[in-house]
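Subject: The structure we talked about

Hi,

Here is the structure I promised to pass on. Have a look through it first, and then read my notes below.

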Amino acid sequence: MTETPFWGPDFEQLAQEDPEISGILLSELDRLRDGLQLIASENFTSPAVLAALGSTLSNKYAEGYPGKRYYGGCVEVDKAEVIGIERAKALFGAEHANLQPHSGASANIAAYGAFVKPGETVLAMSLPHGGHLTHGSRVNFSGKWFNVVSYGVREDTELIDYDEVRQLALEHKPRMIICGATAYPRLIDFAAFRAIADEVGAILMVDAAHFIGLVAGKAIPSPVPFADVVTFTTHKVLRGPRGGMILCREEHAKAIDKAVFPMMQGGPLMHGVAAKAVALKEAASASYQEYARTVIANAQELCAGLAAEGMRPVSGGTDTHLGLIDLQELGVTGTQAEERCDRVGITLNKNAIPFDPQPPMVASGIRVGTPSVTTQGMAPGDMKAIASLIGRALKDESGTEADEIRTEVTELVTRFPAYPR
């Protein structure tokens, strides 16, 4: 059990009043400290972000927007939201920003609500090829309420087929085109999507949830100059609290704001908005830019190391923070890989690969990401060791080497502790 939590004196009160929940918080802290966190959509927020999340701003109901609230007493939370909006606009070069969405999915619902009527056509990346549930999955609102046409990747290159995107756009005349993905390791050609959207008179939405932190760190090109609207989460590479955000052109500001409130949600989580503002300030620093570059370098080294262990990186590698890894040559499914890594303290997720012969809950691949280990201070030289540990864990079908591998994982993370005591 962790002896010294970093939350400060308030934790002692929680421990006295609710030992069950405080024990879970400590156990989770131990889990983060004792293992390798390779989930591409996770990161470690700073203590400053956590402090904002645990603040009295959680108490305030603030339906509406700064200066136009439906409740009194919003003078202080107004200040926090205005600061966050201005930081977002400055960091990303955007004309308008909305920090209120509770999640990336909420931000996407608002984008649909601002531009598309139920039953109209949307063109988006298919989930099996790396897209997101909100890009048209039949079990999601997007697939239930809208006519979603899907594009994918080429079978030979595993890269987005821009010719197919254009052909589908010309054929179906979508009201909105979405680019962005959750399991696509390469850069996206935003200019190509902009040209296609202009050709058919469509709104261009970029779901930048996974890579916006790399944009903030100036490590990859920005979608903002090309998109009508950019949605994203704040808790991945960006290293903020769990939540969503929207950037858009000024001409769409009123439609987006109305789609967030009152269409999509009620009162914003003002402690979350303040925490987003803290993260945006952190992301504007020179040290964050170095961090973003290292995230990519680490991901590239990790993919190369996994390839050396007999695993095939989809599309041949990565340009971003994540790698999509085909395990078929090892004869291991994604589910088996996730389980074998979990027993040695390596957390990653099973993931479908393009044209996957396995069902999604089994999958032929895994997805790995480097935001968390980079936050801990690990460098490209450490990725070869991580790849070796993963390779040994996956090949250890019986679990006879699990204790030895787990010891080596512990030795590695001890040198790079999460939330140092």
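Let me begin with a helix pair. In this predicted model, helix H5 contributes Ser106, Ile109, Ala110, Ala111, Gly113, Ala114 and Phe115 to a contact in which helix H10 offers Ala255, Ile256, Ala259, Val260, Met263 and Met264. Sorted by class, the residues where H5 meets H10 are 11 nonpolar and two polar, with no charged ones. H5 covers residues 104–115, and its axis passes 8 Å from that of H10 at an angle of about 115°. The crossing of these two helices is right-handed.

H10 turns up again at a pocket, the second largest one, which holds about 250 Å³ of space. Which element gives the most to its lining? That is H10, with five residues. H10 spans 253–264, and strand S2 (64–65) also supplies at least two lining residues. If you would like to find the pocket on screen, look for Gly64, Tyr65, Lys68, Tyr70, His96, Glu250, Ala253, Lys254, Asp257, Lys258 and Phe261. By class, this lining has five charged, four nonpolar and two polar residues.

Next, a sheet. Four strands form an open sheet in the order S11-S12-S15-S14, with antiparallel pairing. S11 (312–313) and S14 (349–351) are the edge strands; each has a single partner, so one side of each is left without a neighbour in the sheet. S11 pairs with S12 (residues 322–326) through two bridges, in the antiparallel sense, and Arg312 sits opposite Asp326 of S12.

Two helices go with this sheet. Helix H12 (residues 286–308) packs on it and touches S11, S12 and S15 (365–369), its direction making about 15° with that of S12. Helix H13, residues 334–342, lies across S14 and S15 and runs at about 170° to S14.

Finally, the enclosed space. How many cavities of 30 Å³ or more does a search of the whole structure find? There is one, and the largest cavity contains about 130 Å³ of space. It is lined by 14 residues, of which Tyr184, Arg186, Ile188, Phe211 and Thr320 are the closest to its centre. The lining of this largest cavity is made up of nine nonpolar residues, four polar and one charged.

I hope this helps you find your way around. Do write back with any questions!

Best wishes

Notes:
Residues are numbered from 1 along each chain as its sequence is written. This is a predicted model: local features need pLDDT of at least 70, side-chain atom pairs count only at pLDDT 80 or more; totals for chains, interfaces and linings use all residues. Side-chain values use heavy atoms; hydrogens and water are left out. Two strands pair if DSSP finds at least two bridges between them. Contact means heavy atoms within 4.5 Å. Axes are lines fitted to C-alpha atoms, for helices over the stretch in contact, and angles run from 0 to 180 degrees between N-to-C directions. On a 1 Å grid over the protein atoms alone, a cavity is a set of points where a 1.4 Å probe fits but cannot get out, and a pocket is an open set with protein on both sides within 12 Å along at least five of seven lines; lining residues have an atom within 4 Å of a point. Grid points are joined across faces, edges and corners, and a volume is the space filled by probe spheres set on the points. Ala, Val, Leu, Ile, Met, Phe, Trp, Tyr, Cys and Pro count as nonpolar, Asp, Glu, Lys and Arg as charged, and the others, Gly among them, as polar. A crossing is left-handed if the near helix is turned anticlockwise from the far one by less than a right angle, and right-handed if clockwise.
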